[in-house]
Amino acid sequence: MRAADRLVADTVRRGGPWLAVLAVTSVLGAFAQLALPLVLGRTVDELVAGTGGGTGAATWLGACAAAVILTVLCDTLGVWAAGSSGARSSAWLRNRVVRNVLGVGPVITRRFPEGDLVTRMGLNTEEIGRAPESIVTGAALVIPTAGGVVALTLIDPLLTVTLVAGLVLIALVLRAFLTVSTSIAGDYQAAQSDIAARLVDALAGARTIAAAGTADQERARVLTALPRLRGHAMDMWRANARAGVQAGAVVPLLEVAVLGVGGLRLAAGDLTAGELYAAARYVVLGAGLGSALGYVSRLARARAAAARVEELTAESPRAYGTRPLPPGPGTLELRGVDAGGLRDVDLVIPGGQAVAVVGRSGAGKSLLAAVAGRLVDPRHGTVLLDGVPLPDLSREALRHAVGYAFERPALLGDTVGDAVALGLDAPAAAPGTGRGRRTRTGSGHHEDRDDRAGGRGEVVRAAARAARADAFVRRLPLGYDTPLEEAPMSGGERQRLGLARAFAQGWRLLVLDDATSSLDTVTERQVARALSRELRDRTRLIVTHRVATAAAADRVIWLDDGRVRACGGHRALWADPAYRAVFQTDTSSPDDASFPSGASSPAGASFPPDASSPADASFQAGASFRAGTS
């Protein structure tokens, strides 16, 4: 719990100026409460000694009123300060955790389910944010307790012995309660996360659940942890009740003991009536440490939550270098890379080539794609882009150089245009080159990106046109300014926007991880044509399950159980029955499929084949490719 306690302490320090206000009001309120028995006692003595109309009695009555007013003002301002400081602390911690989680990258989702992450970053950070109030207000209770001990000592040391004995019992009860309730709160929060993780999974599969008619079964699955949650809640209630009874029983016993001893001292003439009243009040204030039970309970929840949140902050975010990307064609090198399921991967992918990555499920295709653009860092080995190790590149240089498109892209931003422009900066020069990037237009001539009017907006539209998304976006009510929630899209349309986002950003390397699987045949042909024309000066790494995409690529990387089994032209690899089995095809020769060089096949995306390779297929228009179940 040491790391968790440090996180709680850091959070408390981030309470801002309102935390200081809370501390001041808590201290002033505590002193006001401490002074109240004294002034009440003196008022009683004045009233008993005189007629009730003397100047001394009026003075002490005024002091009583001032102490009461100060107590009320401090309580009121303290409530406001507690809420404001807690909100500020929660906001700081939530920003820190979210920044850290996003900095770590997709690796963290392998350890923590999405629902669990949301619970830790949301509910648990809020519970930690309540720690400033619990600690400051709870600590302020020490002032009346210490003051009560001192005051009773001044009144009669014999009364102090009685109070101290009771305080020791209360302190032992609070310590045991903090330990027990921290453990119970951690179990309770874990059950909450379990329910949240199952709920997020169910919401993601809502269509499947509706189609299968299994809503009742899924509801039962989501709420599997509910009995466990209830059990932990009952344990917490019992712990609170037990500690409350134990601490609460001490207060009346102390009052009886002090009044008994004080009565004897009063009868002996050693105490006045006012002093006895003050002593009784100071015992209540001193034993008020038992009222800290609620603050201890909140602190226990904060500590348990901090232990869960600390697991997220303990993950080190990905560090970036400061180097820019030098001019180059986008050559990608992997040297001795080990990462998760990948083992001993050595590859050199020449700049400007289209390379297909194939293999059975679980072979490591998506992991290779993630390593290529540093979504995942390898445990061993080095990945270089144009001779520069990826960790040495600045964040801006790397993310402008590499564009990713995924099978199920997440569209982020307020509008459709924002989703395509995500992470895109305004400068027109290709990152690291110091010059404009030249692209082929539909009319066949080149124009510098620097010269195109419209800046970022034109880059977004050009990328959307290459991804064949521009037409359907323009049909939306507000075009590119249409809010995402008002733009219902099919899976293929979402993939096109994901491709557009990659095209707008990846000026050296495009990584397409099964990113055209939801496109219809015509659209896929059009996207393939853009990849082989407008975007042919970029290196393209394409994870695919389709034989036609592999056949049209310049070369193929064949992964098998995390290793590169072969790397070469599709035609040469096709002679291996095990390679053909990757696509679940029959033993037909790729010569049975014929398409014009550089054109799209009906079965998948196409890229210009390497004319210098003996493995290139020569395709004739109109023929078909027998691909079995591919």
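The following dialogue explains how to read helices, burial and salt bridges in this predicted model.

User: How does one check a helix, and what span should the 16 residues of helix α4 cover?

Analyst: The general idea is a rise of 1.5 Å a residue. For α4 (residues 114-129) the expected span is 22 Å, and the end C-alpha atoms are 22 Å apart, which agrees.

User: Where does α4 bend?

Analyst: The bend is at R120 and amounts to about 30°.

User: Which residues of α4 are buried, and what covers them?

Analyst: Buried means under 20% relative accessible area. The buried residues of α4 include G115, D116, L117, T119, R120, M121 and N124. Their cover includes α1 (2-13), α3 (55-104), α5 (131-140), α7 (157-204) and α12.

User: Is R308 buried or exposed?

Analyst: R308 is buried, because its relative accessible area is 9%. R308 is part of helix α12 (residues 293-313). Leaving aside neighbours within four places in sequence, R308 is in contact with D116, T119, R120, N124, Q189, A190 and S193. With N124, the side chain of R308 makes a polar contact of 2.9 Å.

User: How many salt bridges are there, and why do such pairs form?

Analyst: Side chains of opposite charge can pair when their charged atoms come close. In this model the count comes to 26 salt bridges.

User: What is the spacing in sequence of a pair such as R198 and D194 in helix α7?

Analyst: An α-helix has 3.6 residues a turn, so residues three or four places apart point the same way. R198 and D194 are 4 residues apart in α7, which means that about one helical turn separates them. Their side chains form a salt bridge of 2.9 Å, N to O. R198 counts as partly exposed at 22% relative accessibility, and D194 likewise counts as partly exposed at 22%.

User: Which salt bridge does D344 form, and what does the pair tie together?

Analyst: D344 forms a salt bridge with R563, the closest N and O atoms being 3.2 Å apart. D344 lies in strand β2 (residues 342-349) and R563 in strand β12 (residues 563-568), so the pair ties together parts that are 219 residues apart in sequence. D344 is partly exposed at 47% relative accessibility, and R563 is partly exposed at 38%.

User: What separates D470 and R474 in helix α17?

Analyst: The side chains of D470 and R474 meet in a salt bridge of 2.9 Å, N to O. The two are 4 residues apart in α17 (residues 470-474), so about one helical turn lies between them. D470 counts as buried, at 12% relative accessibility.

User: Which residues do salt bridges with shared partners join into one network?

Analyst: The network joins D116, R120, R308 and E311.

How values were computed:
Residues are numbered from 1 along each chain as its sequence is written. This is a predicted model: local features need pLDDT of at least 70, side-chain atom pairs count only at pLDDT 80 or more; totals for chains, interfaces and linings use all residues. Side-chain values use heavy atoms; hydrogens and water are left out. Buried means under 20% relative accessible area, exposed over 50%, partly exposed in between (1.4 Å probe, protein chains only). A polar contact is a pair of N or O atoms within 3.5 Å; within protein, one must be able to donate a hydrogen and the other to accept it, and residues adjacent in sequence count only if both atoms are side-chain atoms. Contact means heavy atoms within 4.5 Å. The expected span of a helix is 1.5 Å times one less than its number of residues. The bend at a residue is the angle between axes fitted to the seven residues ending there and the seven starting there. A salt bridge is a side-chain nitrogen of Lys or Arg within 4 Å of a carboxyl oxygen of Asp or Glu.
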